[in-house]
Amino acid sequence: HPPPVAADKEEQKRLLENRPDQPQNPKVLRIAIIGAPNAGKSTLSNQLLGRKVFPVSRKVHTTRCKAQGVITHEDTQLIILDTPGLTNPLKAKRHNLDEAMLTDPWDSMKHADLVLVLVDVSDHWTRNSLSKEVLRCLSQFPHIPSVLVLNKVDILKKKFLLLEIATDLTEGIVNGKKLEVKTALKQDSRSSAKPLLHMTRTSPPEGKVPGSPFGQEKNQAQEGSGLDRSSDVGGAGTGEAQGPKHHEPEDLKDVKGWPHFQEIFMLAALRGEEVDTLKRYLLMQAKPGPWEFHSDVLTNQSPQEVCDNIIREKVLEYLPLEVPYGVTQVTEIWEEGECGELLIVQSLLVPRESHKRMLIGRGGKVISRIAREAGQDLMNTFLCDVRLKLKVEVK
């Protein structure tokens, strides 16, 4: 079970300053998760951590700052760098985003040992090519190993499209080997012919990883992905592809994919499907090195930051269009109540009277729902009773 986030600011600060309780042979891996806004980076981070510490919403730019999550498993520590979605200055201006939103993903890349590139396969506008920002990021740091993660595969009705998407996003090459895609039909007594999907590499990868899609020894139809990810690996080698090289921005004009991914994973982060497979892979990629955090630390954020993010997530979820981006949060009370519960009182400041009416909702329904859902999330994060009161004021 993952540890809770400390509800007391001083206690969390002490935990972060604590000297890590190093095991005998510690291993560590710093993971940057990058992708277009709303690809599911925070959802995946929360699932890997086993507790909600990052805000999640269907609106873009829910994650406003880079924060770290910490997974400690036996002698291994994974540090997840949850980053804002890669965006450009024009979009940043439209959503009133800080300058940090443009620089944070790049800073995370500088400190990463491995990069997870997350792609939302349910978005038919963007799923067949990596965004220019992602490609630019990968080409600036070609020495950092990268893994492609296809997310929201449960929403994709036509599973055979996963093959086409994977081929486009990898330019047909994974781990230096040519990715051969072939489809076959499998008879099923309960229905007519179902597509059976094969991804085949012409030469087996070095050091197969148990649980990784291409390291499977036998066919294993995966619920959620709908893929029969068999390793029908032939014997004819294709020769290693050349190592990644640094691309200039103008070189990326007609580039759709990245031919230097080490693996491909297909999962449904929201439902937690196949997340454990990815987690096992990440634990196996860790290298000998000292832990950075005590094993009781789940995130480097303060309790107030976690609280602000979770409330903001609900505000984003229940207010229309651009309205929630103008809300300012001010915590007025953060203290232990009479019965030992955590009492939080927060004011939500909005620029207009019309926004105030929207946020309160008819009969106070919207603000009550936000307070109830955010309070429940905070209880699960802090593992203590939480009484959350929200006030709405025009600033």
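**Exercise 1. Find the residue that follows helix H6 and state the sign of its phi.**

Solution. Glu171 follows H6, and its phi is positive, near 55°. Helices are DSSP runs of H or I, at least four residues long, numbered from the N terminus. The model is predicted: local features need pLDDT of at least 70, side-chain atom pairs count only at pLDDT 80 or more, and totals for chains, interfaces and linings use all residues. Residues are numbered from 1 along each chain as its sequence is written, and side-chain values use heavy atoms, with hydrogens and water left out.

**Exercise 2. Determine which residues of H6 are buried.**

Solution. Buried means under 20% relative accessible area with a 1.4 Å probe, protein chains only. In H6 this holds for Leu161, Leu162, Leu163, Ile165, Ala166, Leu169 and Thr170. Seven of the ten residues in H6 (residues 161–170) are buried, so the helix is largely enclosed by the rest of the structure.

**Exercise 3. Describe how H8 and H10 pack.**

Solution. Start with the axes, which are lines fitted to C-alpha atoms over the stretch in contact, with angles from 0 to 180 degrees between N-to-C directions. The axes of H8 (residues 303–318) and H10 come within 9 Å and cross at roughly 145°. Next, list the contacts, meaning heavy atoms within 4.5 Å. Among the residues of H8 that meet H10 are Pro303, Ile310 and Tyr318; on the H10 side they include Val366, Ile370 and Phe382.

**Exercise 4. Identify the residues that Leu116 touches.**

Solution. Leave out residues up to four places away in sequence; Leu116 then touches Ile31, Ala32, Ile33, Ile34, Leu44, Val147, Val149, Leu278 and Leu282.

Definitions and conventions
Helices (H or I, at least four residues) and strands (E, at least two) are DSSP runs, numbered from the N terminus. Buried means under 20% relative accessible area, exposed over 50%, partly exposed in between (1.4 Å probe, protein chains only).
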